[in-house]
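Here is a short tour for anyone meeting this structure for the first time. Have the picture open and follow along.

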Amino acid sequence: MTRFLTLCLLAISATGVQAGDQYIDRSGYAAGGYDVVAFHGLPPGAPATPGSATFTAQHNGAVWAFSSAASRDRFAADPSRYAPQYDGHCAYGVAQGYKVPGNPNLWQLVDGRLYLNIVPRVARTWSRDTAGYIARSEGAWPSLDATAASTGSWRARRANRDTFSDNTPSR
């Protein structure tokens with residue numbers, strides 16, 4: 001029985017951290033319309049890959065856009081592997097105990113998991129102690145996951161002016 005419970009807990013923890021409402025920005029797509037599968041082939045700090053309205057999938061109450069049918073199919077087969085942690089909210093914000101928008105152009109992969117931050121200054125702070133902030137985020141998330149998703153736009157923040165171009169799809 002103990003072995004069975006241990007295996008169940010491991011399976012649950014391996015699914016990623018998504019439970020609340022997915023953050024969706026003004027594009028109408030999760031992750032701002034960027035292809036979340038493509039992050040797994042990019043070098044750290046590379047620009048995010050825009051998705052296309054041609055290749056979409058549904059997950060966690062949101063529509064996700066992808067740059068190709070192959071990316072869409074990989075996501076559909078294992079969405080928890082590719083979807084950003086904390087339902088697409090800023091991981092640093094979660095560590096501080098609140099939900100704010102995550103900017104898919106300020107991303108980091110850690111142990112195969114995608115984390116987003118809100119503005120460049122926060123992304124720099126996050127990178128100074130990523131493991132510590134992940135631990136804090138994991139501790140804070142259970143009390144936040146049922147709260148409403150962020151409603152603000154990471155694109156509207158002045159500090160993000162140079163972090164993206166408007167070449168992602170809109171709905």
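## Ground rules

A residue counts as buried when its relative accessible area is under 20%, exposed when that area is over 50%, and partly exposed in between, using a 1.4 Å probe and protein chains only. By that rule Ala 140, at 15% relative accessibility, is buried.

Keep in mind that this is a predicted model: local features need pLDDT of at least 70, side-chain atom pairs count only at pLDDT 80 or more, and totals for chains, interfaces and linings use all residues. Residues are numbered from 1 along each chain as its sequence is written, and side-chain values use heavy atoms, with hydrogens and water left out.

## Helix H6

Ala 140 sits in helix H6. Helices (H or I, at least four residues) and strands (E, at least two) are DSSP runs, numbered from the N terminus. The expected span of a helix is 1.5 Å times one less than its number of residues. For the 15 residues of H6 (residues 130–144) that gives 21 Å, and the end C-alpha atoms are 20 Å apart, which agrees. H6 does bend, by about 25° at Glu 138, and Pro 142 follows within four residues; the bend is the angle between axes fitted to the seven residues ending there and the seven starting there.

Which residues of H6 are buried? They are Thr 130, Tyr 133, Ile 134, Ser 137, Ala 140, Trp 141 and Leu 144. An α-helix has 3.6 residues a turn, so residues three or four places apart point the same way. The cover over the buried residues of H6 includes helix H4 (91–95), strand E3 (103–110), strand E4 (113–117) and helix H5 (120–128). As for Ala 140, its C-alpha atom is 7.7 Å from that of Gln 96, although 44 residues separate the two along the chain.

## The nonpolar cores

A nonpolar core is a set of buried Ala, Val, Leu, Ile, Met, Phe, Trp, Tyr and Cys residues joined through side-chain atoms within 4.5 Å. The largest one here has 20 residues, and Val 36, Phe 39, Trp 64, Phe 66, Phe 75 and Leu 114 touch the most other members. Strand E2 (62–66) and E4 each give two or more residues to this core, with E2 giving the most, three.

Take Leu 114: leaving aside neighbours within four places in sequence, its contacts (heavy atoms within 4.5 Å) include Val 36, Phe 39, Tyr 82 and Trp 107. Apart from this core lies another, of 18 residues, among them Tyr 86, Cys 90, Val 110 and Trp 126.

## Aromatic rings

Rings of Phe, Tyr and Trp (its six-membered ring) pair if their centres lie within 6.5 Å; planes under 30 degrees apart count as stacked, over 60 as edge-to-face and the rest as tilted. That rule yields eight aromatic pairs. Phe 66 and Phe 75 have ring centres 5.0 Å apart and planes at 45°, so this pair is tilted; both residues are buried.

Trp 126 and Tyr 133 make a stacked pair, 6.0 Å centre to centre with 20° between the planes. Trp 126 has a relative accessible area of 1%, and Tyr 133 has 13%. Both belong to one aromatic cluster with Tyr 86, Tyr 92, Tyr 115 and Trp 141.

## Salt bridges

How many salt bridges turn up in the whole structure? There are two, each a side-chain nitrogen of Lys or Arg within 4 Å of a carboxyl oxygen of Asp or Glu. In one, Arg 155 meets Asp 25, with the closest N and O atoms 2.9 Å apart. This pair links distant parts of the chain, 130 residues apart, and both partners are buried.

Arg 72 and Asp 73 form a salt bridge too, at 3.1 Å from N to O. Arg 72 is partly exposed at 23% relative accessible area, and Asp 73 is partly exposed at 43%.
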